[in-house]
Structures are given as structure tokens and as C-alpha cells.
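Here are my notes after going through the model, set out as numbered points. Have the structure open while you read.

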Amino acid sequence: MPSVSVHGMGMTPADLPNPVSSLSSSNAGLLRCRTSSVPENWKLLKAEEVQKSKLLRGASANLAEFIWPQDERPKVPHDDFQGAEELPIIDLGELLQAAVADRAATTDHQHHHQPSSTRRDKIAKDLAKIFSEWGFVQVVNHGVKTEVIDAMQTQAKKFFDLPLEQKEKAKLTQPGGSSTNEGFGYGVDSGFFYVGRPWIDRFQCRWSPVESITELADKVYTREEAHGIDDIDAHDAAEEFRKSMEDYNKSLDKLTIQILELCAEGLGLKSSTFTEPYLGTAGDCIARFNYYPPCPLPSLTLGLGAHTDPNLLTILHQCSVGGLQICHGHGSWFSVKPSANSFIINVGDSFEAWTNGRFKSVKHRAVVNETQSRLSIVYFSNPLPHSIMSVPHKLIDCEHPLEFRPAFTWQDYKTHLLETHKNNNNNNNNNDGVRTSKLWLLRRKSILNQK
Ligand SMILES: O=C(O)CCC(=O)C(=O)O
């Protein structure tokens with residue numbers, strides 16, 4: 001969920017005050033217990049990557065603020081994949097293979113052939129089961145070309161490698177010039193969910209329309225002082241960025257539709273149940289690039305705090321460095337092993353509500369590490385803002401009474417979230433984002449206490 005930035009200070013790492021002595025009196029109490037653990041090597045923050053990020057310049061440059069309360073700190077490191085239950089995998093390539101086998105069987109008059117519809121049915125049911133138990137799935141052979149993924153990763157990395165001043169040109173404005181209140185553009189954001197300051201550098205915008213991406217790319221890559229050959233370089237850089245965004249968006253839009261159709265079929269519903277109101281990228285699909293520079297406090301902080309996503313479906317691609325953690329079972333966290341050719345897809349709060357809780361929107365977070373930077377590219381899909389998500393009757397019965405709003409629009413939900421977030425920021429409220437984000441969707445608020 002895009003959210004409003006609350007930071008605005010402009011210190012450089014060189015200006016860093018002593019983390020302990022610089023606490024303001026209002027938060028000294030809260031932070032006193034945390035500061036004892038600030039490591040001696042905090043000067044590592046002068047590392048080039050951190051200097052180039054908005055992490056410290058945009059924040060109050062007080063390292064102690066990055067230290068999270070004890071019970072939130074990660075116990076499983078970013079690269080400990082041992083002991084983690086394997087996240088279930090769905091192989092979409094089987095759908096294609098089954099269709100090819102169908103054609104061959106017709107030509108060869110095979111009698112014992114299993115038709116593709118049976119295979120599809122099985123995949124759809126498996127997916128629905130995984131979403132109802134895990135809320136997350138790993139998808140392989142998804143049909144998105146490796147070049148498209150690689151190009152997007154490269155472009156995102158290239159963006160974060162730019163000088164800070166250049167990245168800051170990616171400030172987005174609404175028609176009429178007023179700054180959006182959806183947290184779009186470049187910059188660290190306290191986000192909706194945090195009880196500590198996250199160790200993250202972030203860029204966020206919509207995936208479409210393409211004109212807005214062109215405008216954005218031109219702003220970032222076109223240097224006013226550029227002349228001659230530089231102009232051409234800048235133009236090429238902007239064009240490469242735009243093209244990568246466009247290609248990635250087209251491919252992930254297709255994938256979203258495929259997943260939404262399988263989800264409907266797996267729940268015994270008409271294939272188009274969830275895709276009709278979705279209408280592809282004409283909806284409100286949001287791009288988020290998360291960049292986590294190396295961090296001197298990996299066991300004391302988080303790149304992103306535990307949260308659920310308010311949107312419909314999220315499709316995430318992480319680079320070769322691990323960091324995504326999912327909460328499964330009785331509150332235990334496990335790290336997801338990166339895999340270049342797979343996507344991690346999860347159910348958002350809106351989808352949980354739309355399926356009357358058949359699918360689960362599950363808590364996840366990002367952890368950081370001391371030596372390697374990490375990049376994740378996130379595709380948040382949403383329906384058209386005003387189309388109605390109404391719980392299918394088939395999903396309400398004695399065993400599954402209606403737990404959520406019978407019908408709602410993404411626009412109404414989003415307005416509520418942004419308003420809540422603004423109030424929390426104004427009141428300096430450390431809220432529990434998981435609760436706040438889901439509360440509005442529930443029919444009886446008391447249900448949340450059992451969740
Ligand atoms: O970077 C990651 O692995 C997690 C990203 C995420 O959860 C988010 O952007 O909401």
C-alpha cells in the first residue's frame with residue numbers, strides 16, 4: 001500500500017550525531033532500551049551505498065531509530081533457509097504442456113490420455129488449497145520471459161545507483177501540480193505498518209499508463225545541463241527504463257489474469273469471477289522497487305516490518321539475495337530462498353475479504369544483512385477503483401458464514417487506508433498496521449481478535 005512520507009530532514013551520514021546522545025526527550029524513553037545495542041561499527045554507514053540512499057539523509061540520521069523493539073527483531077537471518085518449510089510451488093508450464101499433449105492425443109487417437117481440462121482443474125484446486133493454507137505460493141514456468149525480468153531488475157538497480165539528487169527528481173505530482181498523497185515517487189517512507197524505522201530505500205509509482213512512465217523516466221534521466229552526446233545517453237536511459245516497465249507490466253498483467261482465473265476455478269466459481277472487475281492494468285496496479293543497502297544492524301532492525309498487503313494479489317521478484325520472510329503456522333518466520341526464475345505471489349487483504357476468508361492474507365516482512373544489498377520488485381494488482389468486489393454466494397455457507405463486508409470497492413478501501421494512515425502520522429501513532437488494514441474489511445470487528 002502506498003503511504004505518506006513523514007520524513008524531510010536533510011542530514012548526510014557525515015553529519016551523524018552520536019546515536020545515544022542525540023535522542024530527543026520525547027522518544028528517549030522508548031529508545032533508551034534500544035540504544036544499548038548500537039554497534040561500534042555504525043560508522044560503516046558512511047558506505048557509499050548508504051550515502052547514495054535517502055535512508056539517512058531523509059531520516060533524522062539517528063542510528064538508534066533503526067533499532068526495533070525486541071519482539072519484532074528477526075531471529076532467522078536472511079540466508080538461513082534451513083528448517084524453513086518449503087513454500088509450495090505451482091508449475092504453470094504444466095498447463096501449456098497439457099494443451100500440447102491434448103493436440104498430440106487427438107492426432108494419435110490415444111485413448112488413455114488425461115485431457116488438459118483435468119490437469120487444469122488439478123492445478124486450480126492445488127492453488128486454491130495453497131492460498132487457503134499459506135496465502136503465498138511460488139510460481140515457476142510462469143511464461144514471463146527471463147529477459148523481461150532481468151531487464152527490470154537491471155533498471156531498478158540502475159535507478160538506485162544514481163546520485164541521490166537525480167533520484168529525487170522522481171517526485172510525482174498530480175495534474176494541477178499538487179503532490180500525490182499516495183506515497184508515490186522516490187524516498188524512504190515510514191509506511192503504514194512500522195513500529196521502528198525501516199532500513200529501506202524505495203521507489204513507487206503506477207505501472208501504467210505508459211505516458212506517465214515516460215514522463216517519470218524523462219524527469220529522472222534527462223539532465224538539464226546535458227548537451228550533445230549526453231542528451232542522447234540520457235534519452236536512451238529514459239527509453240530503456242520506460243521499455244522495461246512497459247514489458248514487465250504487460251507480462252505481469254497477463255500472469256495476474258491467469259492466476260485470478262485459476263483461483264476462481266479452484267474455488268468452484270466461474271473463471272471470470274475475479275477478472276471481470278479487475279480489468280488488467282486499467283485498474284490501479286502499483287509498482288514498488290525496494291532497495292535494502294547493507295546494514296550494520298541486521299539483527300536489530302528490519303527492512304520492512306511485518307504486514308499484510310491491502311491489495312488484491314502481489315507478485316514479487318527478489319534478486320539473488322534473500323530477505324523476504326513469511327509468517328507461517330504459529331507465528332514462526334521463515335526466509336524464502338531466492339530463485340531467479342520464480343515469482344512469489346501472495347493474497348492481499350482485499351482478496352481475502354472477496355473470498356470470504358477462503359484465501360488468507362498472511363503477514364510477511366523483509367530482513368536485511370550486513371554485506372549485500374538486496375532488491376525486490378513488487379507488482380501490486382488491484383481492480384478498477386470503482387468496480388465492486390462482492391463476495392460470491394457460493395463462498396458463503398454454514399461452515400463459512402459471511403465474515404467480511406459483502407461488497408466493497410478498492411477506491412473506498414484505499415480512501416479509508418490513506419485517511420487512517422494520515423491520522424496516525426499526524427498523531428505520531430505507532431499503529432499495528434496488520435489490524436488497521438484488515439479492520440475495515442471485517443463485518444464484525446470482534447472477529448479480528450480471533451485472527
Ligand atoms: O522486499 C521484500 O521481500 C518484501 C516487500 C514487501 O513486502 C512490500 O513491498 O510490501
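1. Start with the coiled coil. The UniProt entry, which is unreviewed, places a "coiled-coil region" at residues 238-265. Keep in mind that we are looking at a predicted model. In it, that span is 100% helix and 0% strand, and its end C-alpha atoms lie 41 Å apart.

2. Next, the sheet. It is an open one of 8 strands with mixed pairing, and the order runs 1-2-10-7-12-5-4-3. Strand 1 (89-91) and strand 3 (185-186) stand at the edges; each has a single partner strand, so one side of each has no neighbour in the sheet.

3. Within that order, have a look at strands 7 and 12. They pair in the antiparallel sense, over 6 bridges. If you want a place to check the register, I315 has Y379 of strand 12 as its bridge partner.

4. Now the ligand. Which strands each supply at least two residues of the shell around it? Strand 5 (286-292), strand 7 (313-318), strand 11 (364-366) and strand 12 (374-381) do. So the antiparallel partners of the previous point, strands 7 and 12, turn up again here, because each of them supplies at least two residues of the shell. Residues surrounding the ligand include R288, N290, D309, Q318, H364 and S376, and L304, L316, L324, A366 and V378 are also among them. By class, the shell has 5 nonpolar, 5 polar and 2 charged residues.

5. Helix 5 is worth a turn of the model. Residues 116-133 make up this helix of 18 residues, and it reaches 26 Å from first C-alpha to last, close to the 26 Å expected at 1.5 Å a residue. Its buried residues are A124, L127, A128, I130 and F131. Why do these sit on the same side of helix 5? Because they cover an arc of only 160 degrees around the axis. After the helix comes G135, with a positive phi near 75 degrees.

6. Two asparagines deserve a backbone check. N141 and N356 are not glycines, yet N141 has a positive phi of about 50 degrees, and N356 also has a positive phi of about 50 degrees. N141 is in the loop between strand 2 (136-140) and helix 6 (146-161), while N356 is in the loop between helix 11 (349-354) and strand 11. Are they buried or partly exposed? N141 counts as partly exposed, because it has 16 C-beta neighbours inside 10 Å. N356 has 22 C-beta neighbours inside 10 Å and therefore counts as buried.

7. There is a cis peptide bond to look at as well. It runs from S208 to P209, with omega near 5 degrees. P209 has its place in the loop between strand 4 (201-206) and helix 8 (210-221).

8. Last, a long-range pair. L56 lies in helix 3 (residues 55-58) and counts as buried because it has 24 C-beta neighbours inside 10 Å. How far apart are L56 and W199 in space, C-alpha to C-alpha? The distance is 9.4 Å, although L56 and W199 are 143 residues apart in sequence.

Methods: Residues are numbered from 1 along each chain as its sequence is written. This is a predicted model: local features need pLDDT of at least 70, side-chain atom pairs count only at pLDDT 80 or more; totals for chains, interfaces and linings use all residues. A residue is near a molecule or strand if its C-beta atom, placed from the backbone, lies within 6 Å of it. Helices (H or I, at least four residues) and strands (E, at least two) are DSSP runs, numbered from the N terminus. Ala, Val, Leu, Ile, Met, Phe, Trp, Tyr, Cys and Pro count as nonpolar, Asp, Glu, Lys and Arg as charged, and the others, Gly among them, as polar. UniProt positions are given in the numbering used here, feature names are shortened, and annotations may be inferred rather than shown by experiment. The expected span of a helix is 1.5 Å times one less than its number of residues. A residue is buried if 20 or more other C-beta atoms lie within 10 Å of its own, exposed if 12 or fewer, and partly exposed in between; C-beta atoms are placed from the backbone. The arc is that of the directions from the helix axis to the C-beta atoms. Two strands pair if DSSP finds at least two bridges between them.
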